[in-house]
Protein chains: 2
Amino acid sequence: MNIGQAAEAAGLPAKTIRYYEEIELIKPRRDDNGYRAFAPEDIHKLAFLARARALGFTIEECRALLGLYEDESRASEDVKKLAQVHLARIDAKIAELRALRATLGELVDACAGDNRPDCPILNDLAAPAPGARGAKAR
Amino acid sequence: MNIGQAAEAAGLPAKTIRYYEEIELIKPRRDDNGYRAFAPEDIHKLAFLARARALGFTIEECRALLGLYEDESRASEDVKKLAQVHLARIDAKIAELRALRATLGELVDACAGDNRPDCPILNDLAAPAPGARGAKAR
DNA sequence: ATGAGGCTTCCAGCGGCTGGAAGGTCAACC
DNA sequence: GGTTGACCTTCCAGCCGCTGGAAGCCTCAT
């Protein structure tokens, strides 16, 4: 199976697959002509990686997950810990974005959005209103 | 005012300020010794940039905002549009993260997290459960 | 004169790809 | 046999927004 079909099967761009080989996430063998030859288990791994990446795991976490996946004597605890770390990261990011959203939403609401120059958004960026951004909690 | 004090005053690392000069967001004059000399309006701009960046605007959006800020004949509509685009981006990101959070949360809850190898997280990564991820809506 | 702490420039690297150039290979068709 | 055209290969550069570090100059206090 060449890289084109592998890409199709795994749902990843060929470029990404080459990159994954470069960083040694996968090690497909080569045909005599130098073409990568993907075995079913390579495809399987690629699909695994695609899904782990889609869930937001970093490449290094994916490497670890793949290692655990292939280790029959793993403890599910180790997998769960990785996932929990990632979950906490997601939660932190959501909280951060929500705070931004709140501030920015207020500013947008306060802005007339007409052809006059006066603009609460710019005013806030130039010197944030003392109570407008959660007082002292940043 | 040298870069150290400017960094202190604006709440940005000196490295970042040099970078902002390189990409021409600011143009501080130079002393005879080659040191950057920051005028009060430079500091003001840097603080503006720091706040705009903290709200998640991209560098190019910050450039546009700064331009509008300095343009006395601006229309607040233009500022508002920029902010709304960014707001939509934030909302999209939040929605995306929430979807991830939901999926990952379920998997974490389903995982025993003990010393046995069986793990729903890995199982899902290897072949997602057909109904587990929003059916067909991806 | 020396040393500490600023400042300068330049280059490299982070993550995770992505685009593009230059060239080899293969299968099909005339 | 020749020629497309689609595939494959490698390598280098770039995205964003910094950040770290090296090498060297400037300034001020001792």
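Student: What percentage of the atoms of DNA strand D within 4 Å of the protein belong to sugar or phosphate?
Tutor: This is a predicted model: local features need pLDDT of at least 70, side-chain atom pairs count only at pLDDT 80 or more, and totals for chains, interfaces and linings use all residues. Residues are numbered from 1 along each chain as its sequence is written, chains are lettered from A and ligands numbered from 1 in the order written, and side-chain values use heavy atoms, leaving out hydrogens and water. Bases account for the rest of these strand D atoms, while the sugar or phosphate share is 71%.

Student: Which residue has a polar side-chain atom 3.3 Å from a phosphate oxygen of DNA strand D?
Tutor: Polar contacts are pairs of N or O atoms within 3.5 Å. In the side chain of B:N33, an N or O atom is 2.9 Å from a phosphate oxygen of strand D. At 3.3 Å from a phosphate oxygen, the residue is B:T16.

Student: Which element gives the most to the surface near DNA strand D?
Tutor: A residue is near the strand if one of its heavy atoms lies within 4 Å of it. Helices are DSSP runs (H or I, at least four residues), numbered from the N terminus. Two or more residues each come from α1 (3–10) and α2 (14–22) of chain A and from α2 (14–22) of chain B. With 4 residues, the element giving the most is α2(B).

Student: Why are the two copies related as by a two-fold rotation axis?
Tutor: Copies are superposed by least squares on C-alpha atoms of residues with pLDDT of at least 70 in both. Chain B is laid on chain A with an RMSD of 0.0 Å and a shift of 0.0 Å along the axis. The two-fold relation therefore follows from a turn of 180°.

Technical notes. A polar contact is a pair of N or O atoms within 3.5 Å; within protein, one must be able to donate a hydrogen and the other to accept it, and residues adjacent in sequence count only if both atoms are side-chain atoms.
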